[in-house]
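Thank you all for making time this morning. I would like to take you through one model, beginning with a single chain and then turning to the places where chains touch.

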Amino acid sequence: MIVQGNTTLAACQNFDRETHVNWLSVRGLQDKELIQRIGEEYHIHPLIVEDILHTKQRPKVESYGNMLFITLRLYYIINEQIKSQQISFVLQNNVLISFREHDTGIFQLIKDRIEAGQNQIRRKGEDYLLYSLLDAIVDNYFVVLDSLSERIQALEDDITLHPQKSQLLKLQKLKRTMITMRKHVWPVRELFNNLERNEIDFFEQENKPYLRDLNDHIFRVIDTIETYRDILTSLMDLYHSMLSNRMNEVMKTLTVLSSIFIPLTFIVGVYGMNFDNMPELHSQNGYFILWGIMGALTLGLIIYFKKQKWF
Amino acid sequence: MIVQGNTTLAACQNFDRETHVNWLSVRGLQDKELIQRIGEEYHIHPLIVEDILHTKQRPKVESYGNMLFITLRLYYIINEQIKSQQISFVLQNNVLISFREHDTGIFQLIKDRIEAGQNQIRRKGEDYLLYSLLDAIVDNYFVVLDSLSERIQALEDDITLHPQKSQLLKLQKLKRTMITMRKHVWPVRELFNNLERNEIDFFEQENKPYLRDLNDHIFRVIDTIETYRDILTSLMDLYHSMLSNRMNEVMKTLTVLSSIFIPLTFIVGVYGMNFDNMPELHSQNGYFILWGIMGALTLGLIIYFKKQKWF
Amino acid sequence: MIVQGNTTLAACQNFDRETHVNWLSVRGLQDKELIQRIGEEYHIHPLIVEDILHTKQRPKVESYGNMLFITLRLYYIINEQIKSQQISFVLQNNVLISFREHDTGIFQLIKDRIEAGQNQIRRKGEDYLLYSLLDAIVDNYFVVLDSLSERIQALEDDITLHPQKSQLLKLQKLKRTMITMRKHVWPVRELFNNLERNEIDFFEQENKPYLRDLNDHIFRVIDTIETYRDILTSLMDLYHSMLSNRMNEVMKTLTVLSSIFIPLTFIVGVYGMNFDNMPELHSQNGYFILWGIMGALTLGLIIYFKKQKWF
Amino acid sequence: MIVQGNTTLAACQNFDRETHVNWLSVRGLQDKELIQRIGEEYHIHPLIVEDILHTKQRPKVESYGNMLFITLRLYYIINEQIKSQQISFVLQNNVLISFREHDTGIFQLIKDRIEAGQNQIRRKGEDYLLYSLLDAIVDNYFVVLDSLSERIQALEDDITLHPQKSQLLKLQKLKRTMITMRKHVWPVRELFNNLERNEIDFFEQENKPYLRDLNDHIFRVIDTIETYRDILTSLMDLYHSMLSNRMNEVMKTLTVLSSIFIPLTFIVGVYGMNFDNMPELHSQNGYFILWGIMGALTLGLIIYFKKQKWF
Amino acid sequence: MIVQGNTTLAACQNFDRETHVNWLSVRGLQDKELIQRIGEEYHIHPLIVEDILHTKQRPKVESYGNMLFITLRLYYIINEQIKSQQISFVLQNNVLISFREHDTGIFQLIKDRIEAGQNQIRRKGEDYLLYSLLDAIVDNYFVVLDSLSERIQALEDDITLHPQKSQLLKLQKLKRTMITMRKHVWPVRELFNNLERNEIDFFEQENKPYLRDLNDHIFRVIDTIETYRDILTSLMDLYHSMLSNRMNEVMKTLTVLSSIFIPLTFIVGVYGMNFDNMPELHSQNGYFILWGIMGALTLGLIIYFKKQKWF
């Protein structure tokens, strides 16, 4: 039975718990009273209800008797913005209950398939449904990471071209996103590992390979996050080096220019003095000879700097 | 029986150890003799008493026969200042004794609840009381971390706007706070883990999920601390980069300016010389032609620097 | 039976699975339908087929009943360019199936040997063939690393001579290659370890030492990668230091030059003033005395800077 | 029996090995022959004797049959200088032998207590004596670390005030001390752990809590060392940042100054030229108008730099 | 029986495998055929022979039935140069075979002792001989590290005195040596650990303490290498800081100088102008008053910079 939209709690109590895949999908956690009533209805431990409502949980799996509780963080992209929200699952004998803050569309495909008829998810029971939803979450990690990868690559190209302050701010933002995402995804590895090792009884024998698959994927997510962190650190170094490079060039320009003109300015200053007795001033070609000397000096300095590979 | 205020030790001996939750809360550790007398009264091992009095303990849990000893560090905020103090617990058969340096108000809520009547804490015994107190301590770690988070965010915004020396000092102070807090909180993880794994006998069967909850929370505290440390390191990098950026701009300003005016100054120096024979000086429009040349030179340099993206 | 070139699937079904070493080498993964038909023909689990077709797998080994699935990343050099592609193996009772994207020539030697007649690979069965192919892949890691080593060494020599921006970009590219290669090779260690520990039944007793050998080699690959990463980091430091050094020299040049000429320019400026009453101007040897003073000043400054080890 | 001062080896053989606590304290390791004779007398394995004489041992515990050998490094402060020396213990059935290079006074208190009469150490046997000595060594680590903490704090305050080269050298020295101390103390953790886990038989049942206490303390020592290392690294960063800050200020001063005076100098240079036809020179108020223009220019630049927050 | 010099393989076959310590020491690995013949003669597995000939092995220990194979890297100093070569051992029932590239003299002492007569090595069998040779190799690590320590110390003193480019190159070279040595020595720890734990059967009961000793020493080698790596990193920091310091001083010199002379040059420029109407020029004491003003300005600036602690 598929009950869509904003339904009353009462409707949910009519689940046919024997012959169907029952998925109670709760969206929005503001109505705490409702959540607590659902908790009571389905005999969910108060600590679990508290964890569901407190949306800054560390990802974890816990079993309370015949009930499996999973909470983790969903990452998704809306309007080019990376967002995240907490999503919790309670797997009971004949029903899977999911709790999340907003709708993100990432479960749409699964819902469509269930509604479409007697497909695999309907046939295989709530444990396989749980796997499908977790798999969709993990797949979305990759979507987010691919988007991050593109941004990082674009930033790297940009920095290599011309280092600018705006890149620094972008870099800082990417770093923060990465640090936060790592904090949220790292414990998921543990979660899936626990699932496969300790809570395996909640899954049918034939669905176990799928758990291994999840584990496999989350390892790849974490490898990728670590790699991106390394790359971001190395981008910070690159930015610094590019900046130092530019600074060096700027300084060299200044120094070459000063080295040539400061002595010349001194020389013309000398012949601007008003001493009564300055023989050179009265030489017929003094002025032109001086130009020659200054030209030679400039040429000499330019050759010297060329040799020093200053430009 | 609730004995409040500065009571005598004698009064504490009248605890009804069978039917009540007994919590002996000792505040202030200066009176070493009193602590030692309490130690003797309750048969506390001399090594424990020593640990209680020496307020630089590493957080740990130890069991001595039928006695459980826990010491850890409490973090709290008073007048925007982050402070910490050592707090120790001795859990015996029918009494929980807590020792701390000053009052901080964080146990007030629990005390109020106990006094209010037959609530859960009164019903569940000393082990649940111990859990409640530990939970209050861990919750306060989050309060402190949230305050730190706000300061870090404010500092980041500030640095991004305009890097200044005062930010550096703030950053250094936050780093130190983080390093110290990490040193104090890291072993608490081990403590709670030991509690759940090795000293579980001190807790009623029904209270065990609460221990798992503690463990869970402390992991989140540590994740958060590690994340903040990463962010602080990355802020230091940001500060450096912002500074390098500014330095670069300053240098570019200086270089552009010098590049334009140093040659011009040389040129006007030339025509300030007093040679007898300088034909240009006697040309009717020499002065105005020179202005034209200097203008053209300046324009050329400005175009060149624009092309080099120097400003 | 060796079936070469673009053969039809039907031909592959005629394998004599008893008396020969059967190796079905699939090149090119674009024709997904064909891969899926092969999968069905050889009873390969749909999850494996999916992994084969999705070419961004994390290296791993998995056993499904009597089938062993291995996927890893092959590194090779074409036209001085380091490339990589995914390669997957499915080892069944009497056939080894390999899947890869393009041909790279690195299996040519093994193919030649098999075709040449009754050599060791033909005699020893598919498990030894699998070992030979894995060994060829690992050996190619060394080929790639040796090429990287040469590039790193060349870059180091270059930086030591004269730091330049182009080196920075090369360094960044090498770093990225290293980070990616590490991400791909690191899990191979785990793969071979699992192979030796958990999936050992797929190998004949006498071939087990060869697995240990593989393990041994991959450890050396990882050691080398880590070492190169260290060296690249230290090269970045070297680059920075060389740049700082140059900057320092540039600054010293500018400062020495300015220190000498700025005071001199001031002095000649003084005697360029037009005050009515400047006694020095009318002294007979004033001009020559001034030259003497300026010479002495210059000499003094040069001696001072020499003492300060500024040049 | 207490035999003090420079005694002969013969005297030591008269130990009453049954009813007393026997502690043979050897000071000075130059007389290798004597040490070897003691070794033979007490049946100490030649490898142990070698370890005792070679004073660069890694801290370790080893048991040879009924003999326990411990070697570690003692840290102490003499005249504000941090020093260290190797100290070795051999615990046998009825005697504890200690070997060290010089006297440092840190065992004085224990010796005094033993001599004072029937105190705890005398009563409890050689294993408790060994604990007491190890405890004194670990306590001295804290003394040394407290002194280091003060120096680090003083250095931090100093750097925050005004970064100078001398601080850099102090920082480097502190770092080296920390690196060396860490190298020496880190294996002590392992030592005490081994003592508590594997060599526990050498200790009476009632003395076991004391071993746990040692373990506890050494963990705190190591935490503190790691924290100080973090702080020192962060101080190096601070020093750099303070220096960059100053450099920035210096550069800004130079740039502001140059930006104002270089254009002005150019302007006055213009009117120092000797062209025959320069109309401005002959205007009655030209000179004063020029001052006005230069004043306005200066004011404009100052306002501009203020706006740019350059000072 | 001791067979020295370039002997034929035949001679080696006459070993008295019962009553003597038999050590077949092969020097030079160019003659691959000979090595292979030895391999066949002594029934050495082809994989081992391959490992012996391929001189870039990762240090490891492997047992093949009743044969123990060890390969590691020997470090030694020749003419102040740190060199390394691979050395392999095959321990069989009654003979120890060693393979190395060149002679380095470090086994001379052991050979001398064996030849000298019935000493411990002759008495104790091939396993003790193997220990002695391994011990000699490990002892040589310390010799090399001591030499490195001296170089590092000399470099540190040098950098503290005056940072120069040549030091940077030395530092880079030391770092590379350290990275390579670490790569070669790190797996030796594992090797000795395996030897003590898994391959213990190849050693007599009474020789086991010697293995523990080896383990102990290699740990100290690794500790030392890690410490030196830390110190080298900290030296790089020191170099940078010393350079920044110098740069700072250079900049300050330039800025102080410019700050004083640029305004003065402007002032004298003013009075070098040729306006018809400049009243100051005609004042009797104008020139001297100007000197006074300039002197006061200079003094003021010097006092200001002193206050700012610029010199």
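What follows is a short walk through the overall form of a chain, its sheet and two of the contacts between chains.

Please keep in mind throughout that this is a predicted model, and that the values I quote are computed from it.

Let me begin with chain A, which has 10 helices and 5 strands, and whose C-alpha trace spans about 120 × 40 × 35 Å along its principal axes. Its radius of gyration is 35 Å, where a compact globule of 311 residues would be expected near 19 Å. The domain assignment divides the chain into domain 1, covering 9-243, and domain 2, covering 250-307, and the C-alpha centres of these two domains of chain A lie 73 Å apart. Of the 311 residues in chain A, 37% count as buried, while, among the contacts in chain A with a separation of 6 or more, 67% are between residues 24 or more positions apart.

Now to the sheet, for which I will use chain B. How are the strands ordered there? The order is β1-β5-β4-β3-β2, in an open sheet of 5 strands with mixed pairing. At the edges sit β1 (23-27) and β2 (60-64) of chain B, each of which pairs on one side only, and the twist from one strand to the next averages 20 degrees. Looking at one edge in detail, β2(B) runs antiparallel to β3 (67-78) of chain B, and 5 bridges join the two; in β3(B), B:L68 is the bridge partner of B:S63.

That brings me to the contacts between chains, starting with chains A and B. Here 37 residues of chain A are in contact with 38 residues of chain B. Which helix gives the most to the side of chain B that touches chain A? It is α8 (208-270) of chain B, with 29 residues, and the residues on this side of chain B divide into 14 nonpolar, 15 polar and 9 charged.

The second contact, between chains D and E, takes 37 residues from chain D and 38 residues from chain E. On the side of chain D that touches chain E, at least two residues each come from α7 (165-197), α8 (208-270), α9 (279-282) and α10 (286-307) of chain D. The largest share of that side, 17 residues, comes from α8(D), and the residues of this side of chain D divide into 18 nonpolar, 12 polar and 7 charged.

How values were computed:
Residues are numbered from 1 along each chain as its sequence is written. Chains are lettered from A and ligands numbered from 1 in the order in which they are written. This is a predicted model: local features need pLDDT of at least 70, side-chain atom pairs count only at pLDDT 80 or more; totals for chains, interfaces and linings use all residues. Two residues are in contact if their C-beta atoms, placed from the backbone, lie within 7 Å. Helices (H or I, at least four residues) and strands (E, at least two) are DSSP runs, numbered from the N terminus. Ala, Val, Leu, Ile, Met, Phe, Trp, Tyr, Cys and Pro count as nonpolar, Asp, Glu, Lys and Arg as charged, and the others, Gly among them, as polar. Domain bounds come from an automatic or database domain assignment. The radius of gyration is taken over C-alpha atoms; the globule rule is 2.2 Å times the number of residues to the power 0.38. A residue is buried if 20 or more other C-beta atoms lie within 10 Å of its own, exposed if 12 or fewer, and partly exposed in between; C-beta atoms are placed from the backbone. Two strands pair if DSSP finds at least two bridges between them. Axes are lines fitted to C-alpha atoms, for helices over the stretch in contact, and angles run from 0 to 180 degrees between N-to-C directions.
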